[in-house]
Each structure stands twice: as structure tokens, then as C-alpha cells.
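Biologist: I should like to understand the reasoning behind the terms used for this structure. May we go through them in turn?

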Amino acid sequence: MAGDLGGPVSRSVFSWRDLGGEVALALTARPARTLLTALGTILGVAALVATIGLARTAGNQIVTRVSELEATEVVVSPERRGGFGGGNRNTGSAIPWDAESRLTRLNGVVAAGTRTSVNVGERLARSVPVIDPLGQTEYQIPVIAASPGLFEAARAQLLTGRTFDGGHSERGDPVAVLGPAAAQRLNVVRVDNTPSIFIGEEPLAVIGILADTARQPDLLSAIIIPDSLARARFGAEGVEEVQIEVAPGAAPLIAAQAPVALAPNTPELLRAAAPPEPERLQRGVESDLNSLFLVLGGISLIVGAIGIANVTLVSVLERTGEIGLRRALGARRSHIAAQFLTESVALGAFAGILGASAGVLSVVAVSASRQWSPVLDPWLPLVAPALGAVIGLVAGTYPAWKAASTEPIAALRGSA
Amino acid sequence: MSPVVELDGVGRVFPGPPEVEALRDADLVVETGDYLALVGPSGSGKSTLLHLLGLLDRPTSGTYRLNGIDTGVLSEPERAGLRASEIGFVFQAFHLLGQRSNVENVMLADVYRPGGRRRRRQRAIEALESVGLGHRLEGNPTTLSGGERQRVAVARALVSEPSIVLADEPTGNLDSRTSAAVMELFDELHGRGLTIVVITHDDDVAGRARRRMRIQDGNLTAIGAGAA
Ligand SMILES: Nc1ncnc2c1ncn2[C@@H]1O[C@H](COP(=O)(O)OP(=O)(O)O)[C@@H](O)[C@H]1O
Ligand SMILES: [Mg+2]
């Protein structure tokens with residue numbers, strides 16, 4: 001009666017849908033335990049996501065702050081001299097008076113202008129020719145000599161009138177532009193009639209009043225006069241500094257070239273201050289934050305993986321009876337392994353999602369408290385669950401193998 | 001038609017150490033619709049024989065044909081397929097999953113069976129109804145009495161419509177009254193044509209079977225009709 005010997009025998013199956021269903025039931029059977037098992041991985045992923053996110057956010061903050069104004073600025077000033085040259089005032093500055101035209105020739109310079117504080121000695125400024133003995137009409141107001149390009153290089157905005165140009169400079173015209181604070185003290189409100197002011201006995205025609213300036217803030221409270229006038233009438237000796245506005249990204253180049261352009265023989269006497277390179281600064285901040293917290297995050301991930309491995313291994317031992325039953329119901333070793341491995345991978349992925357959410361929330365919370373705009377790499381919320389899944393895979397491999405090698409007859413013998 | 005079970009000189013030696021010859025040169029034929037009780041003292045080899053019949057273990061000698069198929073030449077996946085489709089187990093310890101409902105416990109028997117998706121819940125409900133638990137579908141086995149739990153386990157063994165049900169001390173964890181109820185269920189299933197092999201210590205349980213065999217020190221022998 002062995003006629004049907006060797007007839008087709010179907011192999012047992014375990015569909016993807018059933019695998020998913022069994023895993024979902026296993027993980028939701030004890031929610032608190034599932035959560036606790038995942039806790040280490042949740043914390044690890046959260047720490048990593050928060051670290052990367054905060055480093056990005058802080059780095060972006062630095063870039064934003066620097067790039068607006070400072071990244072397009074170079075300031076050249078004479079190197080501070082040592083004792084031997086300190087008193088040598090006669091030689092003036094290492095910066096020539098034609099600095100502006102030398103610098104605007106350079107590629108990458110948007111605008112450049114010299115500025116020099118003028119020592120007016122005892123001379124006070126006033127807006128009326130006759131001294132009124134009853135009220136105060138004379139003031140000590142700083143006087144700054146400028147080349148025409150300074151206004152643009154300082155991003156000055158006019159309230160009214162105009163600034164002086166190359167023609168005024170060449171002719172040494174007695175003109176002045178007032179900072180808003182100076183205009184207020186001198187009681188000058190309009191310039192259409194070119195009102196006169198006096199510095200000591202020197203009359204100056206006011207041709208413009210500034211509204212504001214982005215750089216060189218002391219212009220706001222000063223009387224600004226052409227540098228040629230300052231040399232001729234007020235004894236200005238040498239350029240104090242050159243303000244340069246450069247094209248975005250050109251700052252390092254111009255900082256290197258400007259001293260040579262200004263003083264080809266003695267560039268070492270000049271100091272060009274460029275902003276710190278934002279990217280390098282950003283990288284610096286990121287690596288500082290990262291190296292510390294990535295280590296912490298990595299450690300908690302390892303702890304998390306050990307946590308999953310540990311609990312999964314315990315649950316394999318607890319579920320010996322279930323494993324035996326499943327084998328009796330037709331499960332193969334590979335089906336048992338697939339189930340336990342999928343459980344820990346799903347647990348890890350779940351931990352990754354929760355951890356990423358917690359990490360993102362903490363980045364947003366910290367940013368809000370600092371009034372930063374949070375920056376998150378778009379791949380982070382996608383990679384985090386994958387990272388969790390990989391942790392689950394690593395952690396679940398040994399327990400799954402252990403479960404698969406459980407002998408069904410031994411497993412069923414128990415009284416579970 | 002082939003008999004459901006044909007054992008031909010089957011032996012099982014556990015290599016040890018110490019080496020144990022748990023079953024020795026056993027010959028057994030179980031025809032369709034048979035109801036066989038295996039009795040014997042503890043450690044005599046009853047469970048060993050049942051595990052061999054259930055394809056959970058392989059004999060170290062002899063041949064075992066299930067429905068005429070020589071199981072010795074089958075691969076593990078094929079043997080697992082036969083376990084899923086042709087064999088129903090009932091254990092002393094029930095082996096129900098406490099976190100799942102009764103009907104889900106029964107449905108588990110169809111997870112690994114080829115074609116086991118079709119009408120799975122419906123067939124599980126029918127199986128529970130056939131053991132008299134149609135009113136306890138969604139409850140949890142932990143809320144059931146021992147006798148009811150064993151009936152859920154019997155429903156799980158029946159749902160795949162196996163060729164044979166193997167029960168290892170099914171009343172070992174039950175008191176005598178619930179034992180009797182479970183055995184009445186077995187009688188009823190036998191009456192419907194089911195093939196059953198049951199291991200037991202209990203003479204009352206053995207007395208209900210159509211025929212009895214004894215294992216002593218791994219030797220399987222028939223018990224004469226008068227010895228019941
Ligand atoms: N996996 C095993 N390894 C070694 N010896 C075993 C194993 N399983 C059972 N045995 C031995 O085989 C004999 C029969 O055991 P078993 O079939 O469980 O007895 P019963 O079910 O009749 O109480 C016993 O001596 C037991 O110790
Ligand atoms: Mg036994």
C-alpha cells in the first residue's frame with residue numbers, strides 16, 4: 001500500500017502577512033515591556049538626532065549672523081607699532097591717502113574708503129557764525145576725514161542731501177556730511193540751502209545728513225569731511241583705517257591682497273581683519289558638539305542594543321513552550337528565526353522612530369528657547385528608524401538563532 | 001488506501017551519554033478512524049513514540065510511513081508541511097498563548113499550513129463550536145477552566161482537518177470530572193471518524209479507546225481485549 005510513496009508533499013509556509021501579524025501581536029501583547037525594552041535605543045537615537053540637529057542649528061546660527069554683514073567686510077589698519085616707531089608721527093600711516101582708488105581696482109572689492117579721526121584740538125563746532133553768550137551753541141563734536149567711497153563701504157544711508165564725491169575731494173572743497181546725532185546737536189535739519197557750520201573759524205557747507213550706517217557707527221555722531229580738506233586745514237597726518245566692502249566669499253582673498261596693494265614694499269606693516277570663515281567656524285562648532293554627544297549617543301545605542309538583545313533572549317527562554325508549539329504546528333527553524341528577528345528589527349525601528357521624534361522635539365525646544373531657527377537634515381528622520389532597525393537586527397540575531405535551535409521535543413516537554 | 005500510520009521496526013536511541021534506547025523495534029499500524037491508547041509507566045518511551053509519530057523527531061532505525069509516504073526520505077520543510085496539514089497535537093500542558101483570544105489560538109494552527117489562509121477565522125470558529133466553545137470565541141484562555149482550555153487545544157488540533165490527532169496525556173493536568181468531559185469529546189470525535197492516538201496513565205481514559213497498547217522499557221506490545 002506504499003503506492004503513493006514519494007507523492008508530492010507540500011512544504012510548510014509562513015506568509016509575509018502572517019509574519020507581520022505574529023510580530024505585531026507579540027509586540028503589542030505587553031506594551032509596557034516593549035517600551036522598556038526599546039528605551040535604551042530610543043534614548044540613543046534621540047541623543048544622536050538631537051546632537052546632529054543642534055550642531056546644524058547652532059552652526060547655521062553662526063553662518064546667519066556672520067554672513068549678513070561681517071562676511072563681506074575687510075578692514076585694513078596699520079599694524080600696531082612697537083616702541084621704536086611709536087613716536088614717529090611725521091611719517092603718517094603706512095596706508096596711503098589714495099587707498100580707495102588702489103583698492104577699488106581689485107577684483108572682489110565692492111567699495112572702499114579711508115577714515116581718519118581728525119584731531120581738531122580746542123576747536124568747537126557750531127552752526128551759527130556769532131557766539132551767543134546766553135545759550136550753549138558750541139559743541140565738541142568728533143570730526144572724521146573720509147574718502148568718498150567710505151559711505152558706500154560703511155553702507156551709510158542718507159537722510160537728506162548727498163555725500164561728497166571725488167570732485168569735492170580733489171578740490172579740497174569745504175563741505176561736510178553730518179551724522180544724525182551731530183546734525184541734531186548742531187540743529188541742522190535741511191540741506192537744500194546748504195547751511196554752514198563752523199569748526200573753530202573754518203566754515204563748512206553741509207551737503208548731506210546721514211540716516212544710518214551699518215558699519216563705522218561713530219560716523220553717526222561725527223562731522224564727516226573730505227580727507228583732502230582734513231589734510232589741508234586740520235593737519236590730518238595719516239589714514240587710520242580702510243573700510244572695504246567685498247563681494248560674498250571674497251573676504252579671505254581681499255584680506256590677503258589689500259596690504260600688498262596699499263603698501264607694496266611694506267605690506268607687513270598693515271593688518272587686514274577679515275571675518276572668520278563661516279564654514280570653518282560652523283564645522284568647528286559642529287565637531288565640538290558632535291564629538292562629545294556622538295560618543296554619548298553611540299554609547300547609549302550600544303546599551304540600547306544590549307537591552308534589546310537581553311530582553312529578547314529572556315523572552316526566547318520564556319517562550320520555549322510557544323516555540324515548541326509552533327514547530328508542532330508546522331513552523332520550520334527558519335520560520336522561528338524569522339519571527340524573532342523581525343520582532344527585534346520592528347522593535348528597533350519603532351525605537352528609532354520614537355527616538356528621532358524625541359530628538360527632533362528637543363532640537364525644536366532648544367531652538368525656541370534660544371530663538372534660533374531649527375535646522376534639520378531632511379534625511380535624519382528617515383535614517384533614524386533605519387538605524388534603529390539595524391540595531392534591532394544586530395541585537396536580535398543571537399536570540400533568533402537561539403530560538404531557532406530550540407529542540408521542539410524538549411520545548412514541549414515543559415509545563416509552560 | 002494506505003493506513004494512516006505504519007511503523008516498521010522503528011527504534012529511537014538517544015546517544016547520551018548515557019545512551020538510552022527509548023524505543024525498540026516498534027511495529028504499529030493505525031488505520032483511518034482508529035482510536036488507540038498507549039499506556040505504560042513513566043519513562044517507558046510513550047512521548048518518544050508520539051514525537052516520532054508527530055514528525056517532531058526522527059527514528060534512528062526502521063521506517064515510518066504516514067498515509068503511505070515514507071517520512072524518512074522527506075526534507076525538514078516537507079516534514080513540517082505534513083505536521084501542519086496531517087497531524088494535530090494535544091498536549092498535557094495545553095500550550096495555549098495567554099495573550100491571544102481563544103479563536104486566535106485556534107487560528108494559529110493554520111499559519112504554517114499551505115492554503116491555511118482561506119476562511120481561517122471562520123474555520124476556527126467552527127472548530128470551537130464543534131468542541132462546545134462557540135460562546136467563548138473572543139475570551140482569553142487564561143479566563144477558562146482547565147477542561148475548557150484543553151477543549152480549545154483540541155479545536156486547534158482539529159482545525160486543519162488532520163489525518164491523525166496525537167494527544168500526550170491530555171487529561172494529565174485535569175481533575176477526574178473535567179477529564180471525563182474531555183474524554184467524552186474524544187469519544188465524540190472518534191465517532192465522527194477521526195483517527196486518534198492518546199497517551200495516558202489513566203485506566204479510565206485508556207478504557208475509552210477502541211484498542212490499547214503498552215510500552216515497557218521501550219518495547220511496544222498489544223494488550224489483549226481481556227486486559228482492559
Ligand atoms: N532528548 C532526550 N535525550 C536523552 N534521553 C531522552 C530524551 N528524551 C527522552 N529520553 C529518555 O527516553 C526515555 C523515554 O522517555 P519518554 O518517551 O519521555 O517517556 P514517557 O513519555 O513514557 O514518560 C526516558 O528514559 C527518557 O529519559
Ligand atoms: Mg511523556
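Modeller: The following exchange takes the surroundings of the ligand and then the packing of helices; the model is a predicted one.

Biologist: Where does ligand 1 lie with respect to the chains?

Modeller: Ligand 1 lies between chains A and B. Its surroundings include A:Arg413 from chain A, and B:Phe14, B:Val20, B:Ala22 and B:Pro41 are among the residues from chain B.

Biologist: What makes B:Lys46 a polar contact of ligand 1?

Modeller: A polar contact requires a pair of N or O atoms within 3.5 Å. A backbone N or O atom of B:Lys46 lies 2.8 Å from an oxygen atom of ligand 1, so the pair meets that limit. The limit is also met at B:Gly45, where a polar backbone atom is 3.0 Å from an oxygen atom of the ligand, and at B:Ser44, where the value for a backbone N or O atom is 3.3 Å. The protein covers 67% of the 560 Å² of accessible area that ligand 1 has on its own.

Biologist: Which elements of chain B each supply at least two residues of the shell around ligand 1?

Modeller: They are β2 (20–30) and α1 (46–53) of chain B. Helix α1(B) gives the most, with 3 residues. By class, the shell has 4 nonpolar, 6 polar and 2 charged residues.

Biologist: Why are α5(B) and α6(B) called roughly parallel?

Modeller: Helix α5 (residues 146–158) and helix α6 (residues 176–191) of chain B pack at an angle of about 20°, with their axes 9 Å apart. Angles under 35 degrees count as roughly parallel, and therefore α5(B) is roughly parallel to α6(B). Their crossing is right-handed.

Biologist: What makes α10(A) oblique to α11(A)?

Modeller: In chain A, the axes of helix α10 (residues 320–328) and helix α11 (residues 333–370) cross at roughly 135° and come within 10 Å. An angle has to be over 145 degrees to count as roughly antiparallel, and the perpendicular range is 65 to 115. The angle falls in neither range, nor under 35 degrees, so α10(A) is oblique to α11(A). This crossing, too, is right-handed.

Biologist: Why are α11(A) and α12(A) described as roughly antiparallel?

Modeller: The axes of α11(A) and helix α12 (residues 380–404) of chain A cross at roughly 150° and come within 6 Å. Angles over 145 degrees count as roughly antiparallel, and the two helices are therefore roughly antiparallel to each other. The crossing of α11(A) and α12(A) is right-handed.

Key:
Residues numbered from 1 in each chain as written. Chains lettered and ligands numbered in written order. Predicted model: local features only at pLDDT ≥ 70, side-chain atom pairs only at ≥ 80, totals over all residues. Heavy atoms only, no water. Near = heavy atom within 4 Å. Polar contact = N/O pair within 3.5 Å; in protein donor to acceptor, adjacent residues only side chain to side chain. Areas by Shrake-Rupley, 256 points an atom, 1.4 Å probe, with all protein chains shown as cover. Helix = DSSP H or I, 4+ residues; strand = E, 2+ residues; numbered from the N terminus. Nonpolar A, V, L, I, M, F, W, Y, C, P; charged D, E, K, R; others polar. Axes fitted to C-alpha atoms, helices over the stretch in contact; angles between N-to-C directions. Left-handed = near helix turned anticlockwise from the far one by under 90°.
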